[in-house]
Every structure is written in structure tokens, then in C-alpha cells.
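Me: I would like a close look at the cysteines of this protein and at what surrounds them. Please take that one part slowly, and say where the model should be read with caution.

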Amino acid sequence: MGCCSGRCTLIFLCTFQLMVALERQVFDFLGYQWAPILANFFHILVVILGLFGTIQYRPRYIVAYTVWTALWVAWNVFIVCFYLEVGGLSKDSDLLTFNISAHHSWWSEHGPGCIRREIPASGDHSADTQSYISIMGCLLEYQYIEVLHSSFQILISLLGFIYACYVISVITEEEDSFDFIGGFDPFPLYHVNEKPSHLLLKPVHQSS
């Protein structure tokens, strides 16, 4: 197939995307980030669909993957803006948890070098006492880890989008060329000139 190199690259990109999406899904589950969890779930499904379409030469599935990839890039751009607090967004809001809980990114308490300390809110140490959690010594703030995650997703998705468009164009061209190779020829491939039957039955007149 003419698009073997592009097709093989797209298969690799889809496989890599799937692995990265599963890794991100785990950490979003740990942080109870419900909006990213749903987005990751749909992303995993569409990447599997795109991978299947690439392997089985199904351009419609690859088109669906391409459309979703554009949406996925937009979603990750929003995540970057959210954690960098662009346009009035606040990383401390409960937007990504649908205001169901006050959980935040898992990396906010478990980032590289972070030391987590619980400070009691009062002197009463009963079971209902809420503690203040202090995070100290982080080598990299959690919002930058999330931004790096999303930026990496954007990079992979852009590469997948480019290669998916290329594979779709090549598959479409090859299907069109296959349809026109003898497919609409009004004359049969093997044409045999035969005399009409009435000429074969015509009697021979002998001269006297």
C-alpha cells in the first residue's frame, strides 16, 4: 500500500496515545477530577476506533478519529488555560469536579518532593475534627505538571491529526483509482469477433 509508512506511523501514534491516556486516566481518578475522567474515557474509545480503522483500512473510522483529535486539542488547551488561570479561570475552583467535591489534582499533594502535613484545625482531636493539609517542598508545582501533561497530549494529537489526514487522502485516492481500473469499461475485456449466425448458415452456390 502506498501509505504504508504513514499508516504504520499512525498505528504507532494511536497506540502511544492510548497508553498515555490510560496513564492520565489513573491520576485523574485519584484526584476525583470528574470532567477529565469523562473526557479521557471518550478519548480512549475514539483512539481505539481510530486504531482499528487504521489497521482495517476503514477511512470513516479514521475521519471520526480526526474530528475527535481536533476537539481533544481544544480540550487540552482549555486545561492549560485553567491551570495557568488564563481569562479569569481559577485552578482552585471545583469546575473540573462538577462542583460535586472539593478535590483537586492528585499532583497537588503527591508531586515530586512534596511533603504533606496535616495540621489540626483546633485542639479537639475528635473524629469530626477537620485538619488543614499543608504541602511543602514541592520541586514542581502541581499546576505545571498538569500543564505539561496537557501540552504533551496536544503535541501527540497534532501529529495524529496530520498523519490521519494523510492516510485518509491516500486511502481515498487508492479506492478511486481501483474503481476506475476497468470498472466502467462498456466493452468486455476479451472481445471475440464472430460472424453472424445467418452468414454461417448461408448455402454455397456451385457453378455448373
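How many disulfides does the structure hold?

Reply: The structure, which is a predicted model, holds one disulfide. The bond joins Cys114 and Cys138, whose sulfur atoms lie 1.8 Å apart. The torsion about the S-S bond of this pair is about 125 degrees, so the disulfide is right-handed. The link connects distant parts of the chain, 24 residues apart: Cys114 sits in the loop between helix 4 (107-110) and strand 1 (115-120), while Cys138 belongs to the loop between strand 2 (131-136) and helix 5 (142-179).

The two partners fall into separate accessibility classes. Cys114 has a relative accessibility of 16% and counts as buried because the limit for that class is under 20%, whereas Cys138, with a relative accessible area of 23%, is partly exposed. Two further cysteines can be set beside them: Cys81 is partly exposed at 25%, and Cys165 is partly exposed at 32% relative accessibility.

Some of the elements that flank the disulfide loops also take part in the largest pocket. Helix 4 and strand 2 each supply at least two residues of its lining. The lining of this pocket comprises 20 residues, and those nearest the pocket centre are His104, Ser105, Ser108, Glu109 and Ile135. The space in the largest pocket comes to about 400 Å³.

As for caution, the protein averages a pLDDT of 81, and 75% of the residues score at least 70. Over residues 125-129, however, the pLDDT is below 50, and this stretch has four contacts in the model beyond near neighbours in sequence. Where pLDDT is low, the predicted coordinates should not be read in detail. A second such stretch is residues 181-197, where pLDDT stays under 50 and the model has two contacts beyond four places in sequence. Among the elements, helix 6 (residues 197-200) has the lowest mean pLDDT, 48, and helix 3 (residues 59-83) the highest, 96.

For the wider setting, an unreviewed UniProt entry annotates residues 34-55, 62-86 and 152-171 as "transmembrane region". In the model, residues 34-55 are 100% helix and 0% strand, with end C-alpha atoms 32 Å apart. Residues 152-171 are likewise 100% helix and 0% strand, and there the end C-alpha atoms are 28 Å apart.

Key. Residues numbered from 1 in each chain as written. Predicted model: local features only at pLDDT ≥ 70, side-chain atom pairs only at ≥ 80, totals over all residues. Heavy atoms only, no water. pLDDT = per-residue confidence, 0-100. Helix = DSSP H or I, 4+ residues; strand = E, 2+ residues; numbered from the N terminus. Contact = heavy atoms within 4.5 Å. UniProt positions renumbered as here; feature names shortened; annotations may be inferred. Disulfide = S-S within 2.5 Å. Buried < 20%, exposed > 50% of the residue type's maximum accessible area, 1.4 Å probe, protein only. 1 Å grid on protein atoms, 1.4 Å probe; cavity = no way out; pocket = protein on both sides within 12 Å on 5 of 7 lines; lining within 4 Å. Points joined across faces, edges and corners; volume = space filled by probe spheres on them.
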